[in-house]
Amino acid sequence: QVQLVESGGGLVQPGGSLRLSCAASGPIASIYTMGWYRQAPGKQRELVARITSGGMTNYADSVKGRFTISRDNAKNTVYLQMNSLKPEDTAIYYCKMFIRNVDYVSYDYWGQGTQVTVSS
């Protein structure tokens with residue numbers, strides 16, 4: 001079955017950087033939109049950034065100019081480069097991919113989440 005595995009979270013000081021990765025594996029035919037979401041304690045999950053199969057991107061206003069999303073189609077992987085991190089970026093970060101499997105059925109798949117904590 002299709003699985004998404006995230007890595008790269010951790011503890012960082014304000015102003016620091018982290019790079020998240022999310023790799024998909026399994027019976028994949030095509031991957032369309034890839035995205036990153038986050039959920040802070042007591043808040044709803046929100047979109048951080050997403051990238052289409054054609055490379056078009058969009059970002060939440062709160063991260064524009066600081067975060068960059070990219071993808072490596074050969075590796076079925078999406079990245080999130082996070083710079084100038086702020087305490088309010090602290091959250092669990094989840095990747096999501098819209099994937100067509102080898103049976104040509106498409107679903108949204110989610111990663112398990114990775115904790116990002118920004119604190120001095």
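Here are some exercises with worked solutions on a predicted model of a protein chain.

**Exercise 1. The overall build**

Task: Find which secondary structure elements the protein chain holds and in what pattern they follow one another.

Solution: Start with the count. The protein chain has zero helices and eleven strands. Next, read along the sequence: the pattern is β-β-β-β-β-β-β-β-β-β-β.

**Exercise 2. Size and packing**

Task: Compare the radius of gyration of the protein chain with that of a compact globule of 120 residues, then describe the box, the burial and the contacts.

Solution: Take the globule rule first. For 120 residues, a compact globule would have a radius of gyration near 14 Å, and the protein chain has 14 Å, so the two agree. Now turn to the box along the principal axes, which the C-alpha atoms fill: its sides are roughly 50 × 25 × 25 Å. For burial, 41% of the 120 residues are buried. Finally, look at contacts with a separation of 6 or more: residues 24 or more positions apart account for 55% of them.

**Exercise 3. Surface and charge**

Task: State how much area the protein chain exposes and what share carbon and sulfur atoms supply, then describe how the charged side chains are placed.

Solution: The exposed area of the protein chain is about 6400 Å², and 47% of it comes from carbon and sulfur atoms. As for charge, there are 12 positive and 8 negative side chains. The centres of these two sets lie 3 Å apart.

**Exercise 4. A shared salt-bridge partner**

Task: The structure holds five salt bridges. Work out how Asp-89 is tied to Arg-38 and to Arg-66.

Solution: Begin with Arg-38. Its side chain meets that of Asp-89 in a salt bridge, with 3.0 Å from N to O. This pair links distant parts of the chain: Arg-38 is in strand S4 (residues 28-39), while Asp-89 is in the loop between strand S8 (77-82) and strand S9 (91-101), 51 residues apart. Both Arg-38 and Asp-89 are buried.

Move on to the second partner. Asp-89 and Arg-66 also meet through their side chains in a salt bridge, here with 2.8 Å from N to O. Arg-66 sits in the loop between strand S6 (57-59) and strand S7 (67-72), and 23 residues separate the pair. Arg-66 is buried, as is Asp-89.

**Exercise 5. Another bridge, and the network**

Task: Locate the salt bridge between Asp-108 and Lys-96, classify Asp-108 by its accessibility, and name the residues that shared partners join into one network.

Solution: The side chains of Asp-108 and Lys-96 form a salt bridge at 3.8 Å, N to O. Asp-108 belongs to strand S10 (residues 106-110) and Lys-96 to strand S9, twelve residues apart. The relative accessible area of Asp-108 is 43%, so Asp-108 is partly exposed. For the last step, follow the salt bridges that share partners: they join Arg-38, Glu-46, Arg-66 and Asp-89 into one network.

**Exercise 6. Positive phi angles**

Task: Examine the phi angles of Asn-76 and Ser-84, then place both residues in the chain.

Solution: Recall the background first. Most residues other than glycine have a negative phi. Asn-76, which is not a glycine, has a positive phi near 50°. Its place is the loop between S7 and S8, and with a relative accessible area of 23%, Asn-76 is partly exposed. Ser-84 is not a glycine either, yet its phi is positive, at about 50°. Ser-84 lies in the loop between S8 and S9. The relative accessible area of Ser-84 is 41%, so this residue is partly exposed.

**Exercise 7. Two loop residues**

Task: Decide whether Glu-88 and Ala-60 are buried or exposed, and give a C-alpha separation for each.

Solution: Glu-88 is in the loop between S8 and S9. Exposed means over 50% relative accessible area, and Glu-88 reaches 56%, so it counts as exposed. Its C-alpha atom is 9.6 Å from that of Ser-62, 26 residues away along the chain.

Ala-60 is in the loop between S6 and S7. Buried means under 20%; Ala-60 has 18% and therefore counts as buried. The C-alpha atoms of Ala-60 and Met-34, 26 residues apart along the chain, are separated by 15 Å. Leaving out residues up to four places away in sequence, Ala-60 touches Leu-47 and Val-48.

Notes: Residues are numbered from 1 along each chain as its sequence is written. This is a predicted model: local features need pLDDT of at least 70, side-chain atom pairs count only at pLDDT 80 or more; totals for chains, interfaces and linings use all residues. Side-chain values use heavy atoms; hydrogens and water are left out. A salt bridge is a side-chain nitrogen of Lys or Arg within 4 Å of a carboxyl oxygen of Asp or Glu. Helices (H or I, at least four residues) and strands (E, at least two) are DSSP runs, numbered from the N terminus. Buried means under 20% relative accessible area, exposed over 50%, partly exposed in between (1.4 Å probe, protein chains only). The radius of gyration is taken over C-alpha atoms; the globule rule is 2.2 Å times the number of residues to the power 0.38. Contact means heavy atoms within 4.5 Å. Accessible areas come from the Shrake-Rupley method with a 1.4 Å probe; for residues, only the protein chains shown count as cover. Lys and Arg count as positive and Asp and Glu as negative; His and the chain ends are not counted. The place of a charge is taken as NZ of Lys, CZ of Arg, CG of Asp or CD of Glu.
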